[in-house]
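Work through the following exercises with the sequence and the model at hand. Each task is followed by a solution in steps.

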Amino acid sequence: MKIAVFIETHNAQGIRSAKEALTAARSLNAEIVGITTSNADALHQFAEYGLTTCITVSHDLLATYSSTAIASAVAQAAKSANANVVMFGGNASGKEIAPRVAVKLQAGYIPDVVEVQDANGALQCVRPVFAGKAREHVKATTTVTVVTLRPNVFTAKAVGGGAVTTSAFTPELTGNDAKVKTTGVTRNEGKLDVLEADIIVSGGRGMKGPEHFTLVEDLAKPLGAAVGASRAVVDAGWRPHGDQVGQTGKTVSPSLYVACGISGAVQHLAGMSSSKVIVAINKDKEAPIFKVADYGIIGDVFEVLPKLTAKIKEVTGK
Ligand SMILES: Cc1cc2nc3c(=O)[nH]c(=O)nc-3n(C[C@H](O)[C@H](O)[C@H](O)COP(=O)(O)OP(=O)(O)OC[C@H]3O[C@@H](n4cnc5c(N)ncnc54)[C@H](O)[C@@H]3O)c2cc1C
């Protein structure tokens, strides 16, 4: 098996989901090559996660972000490397580029993978289906398989690598490849996205109003956590859609998920039940969230959150 892993950086920082993809690829008996359209200067950050060779793809049409141009370029690079698996982290760009690469390579596409196995030299994947109620075992019947990995499932493991050998690749791109071009990005600077976060503190309708989310933010801050939300509060306009966790929001698997005033509807659980440790704070002891919680606090968020935040600040000194 030869696996091409899409290596992505943002502001010269290695993206975690790419490091997770390297870790997943390493768990298979495979030859691994990275493919990047990012600046090669940041590649050393991936050496630690097992990257030894990488194809650096460059072209004028890649100067501004275009998912269609990147997909064409990555597909050509993967083909030149004879890769039979192309692996992406399942972050926003991975989800946008990977299916396009699959079309270009006439490859089978398997999204949202949580487990990879080597089945006699072919890639076998496991992915949750029906809002996490079942796990599907899938294998592509095509020569090439393109997969995206669910973020935060494959914990990125450092192996202490050395140098990365690079080879330059110039794809054949025309204006037609850059059909969709990003003309500008408005970032929530300084805001940690739930998909990238190792700890998430989420609030639900039990927070009673947008003004009380300062309590959630106050707990998130000393923990270095991202703030998430249930759909009920996003629909109510209390939080932006980018914060929504669940079936129609983001799927997360952080080390720690703290659910504050969230009932634990099946659609919410679909997005967070694979978190490593779940803490639920809810005043209703029958709330379904307690069925998936490792630690439950039966209480009022308005009493519990300030006390918990004060204790965390005391312990972390932040
Ligand atoms: C097709 C579809 C897709 C959906 N996708 C999503 C999705 O992606 N994500 C998602 O979250 N939902 C999704 N939903 C909605 C989902 O069904 C629930 O309606 C939603 O998750 C409920 O949000 P909540 O837990 O914040 O609110 P509620 O269900 O109203 O729960 C509020 C909880 O807060 C507790 N509470 C109240 N006051 C306090 C207090 N003072 N202290 C402590 N606890 C308190 C209550 O006991 C209750 O358990 C989807 C629904 C459908 C039909």
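**Exercise 1. Find the contacts of Ala 158, its place in the chain and its exposure.**

Solution. Apart from neighbours within four places in sequence, Ala 158 is in contact with Glu 48 and Tyr 49; contact requires C-beta atoms, placed from the backbone, that lie within 7 Å. Residues are numbered from 1 along each chain as its sequence is written. The model is predicted: local features need pLDDT of at least 70, side-chain atom pairs count only at pLDDT 80 or more, and totals for chains, interfaces and linings use all residues.

Next, locate Ala 158: it sits in the loop between strand 11 and strand 12. Strands (E, at least two residues) and helices (H or I, at least four) are DSSP runs numbered from the N terminus.

Then count neighbours. Ala 158 has 11 C-beta neighbours inside 10 Å and therefore counts as exposed. The scale is: buried at 20 or more other C-beta atoms within 10 Å, exposed at 12 or fewer, partly exposed in between, with C-beta atoms placed from the backbone.

Finally, take a distance. Val 74 is 84 residues from Ala 158 along the chain, and their C-alpha atoms are separated by 25 Å.

**Exercise 2. Give the strand order of the open sheet of seven strands and describe its edges.**

Solution. The order is 7-11-6-1-4-5-12, with parallel pairing; two strands pair if DSSP finds at least two bridges between them. Strand 7 (108–113) and strand 12 (165–169) have a single partner strand each, so one side of each lacks a neighbour in the sheet. On average, neighbouring strands here are turned by 25° against each other, direction ignored. Axes are lines fitted to C-alpha atoms, for helices over the stretch in contact, and angles run from 0 to 180 degrees between N-to-C directions.

Now check one pair. Strand 1 (residues 2–7) and strand 4 (residues 31–36) run parallel and are joined by six bridges; Ile 3 has Ile 32 of strand 4 as its bridge partner.

Last, add the helix. Helix 4 (residues 92–105) lies across strand 1, strand 6 (85–89), strand 7 and strand 11 (145–149), at about 175° to strand 11.

**Exercise 3. Do the same for the open sheet of five strands, and trace the path from strand 15 to strand 16.**

Solution. The strand order is 14-13-15-16-17, and the pairing is parallel. Strand 14 (226–229) and strand 17 (295–298) are at the edges with a single partner strand each, so each has one side without a neighbour in the sheet. The average turn between neighbouring strands is 15°, direction ignored.

Five bridges join strand 15 (residues 256–260) to strand 16 (residues 277–282). Among them, Leu 256 is partnered with Val 277 and Ala 259 with Ala 280. The chain passes from strand 15 through helix 7 to strand 16 in a right-handed β-α-β crossover, that is, clockwise from the first strand over the helix to the second when the strands point away from the viewer.

Strand 13 is also joined to strand 15 by five bridges, and Gly 203 stands opposite Cys 260. Four of the five residues of strand 15 are buried, so this strand is largely enclosed by the rest of the structure.

Helix 5 (residues 213–223) lies across strand 13 (199–203), strand 14 and strand 15, at about 175° to strand 13.

Terms used. Two residues are in contact if their C-beta atoms, placed from the backbone, lie within 7 Å.
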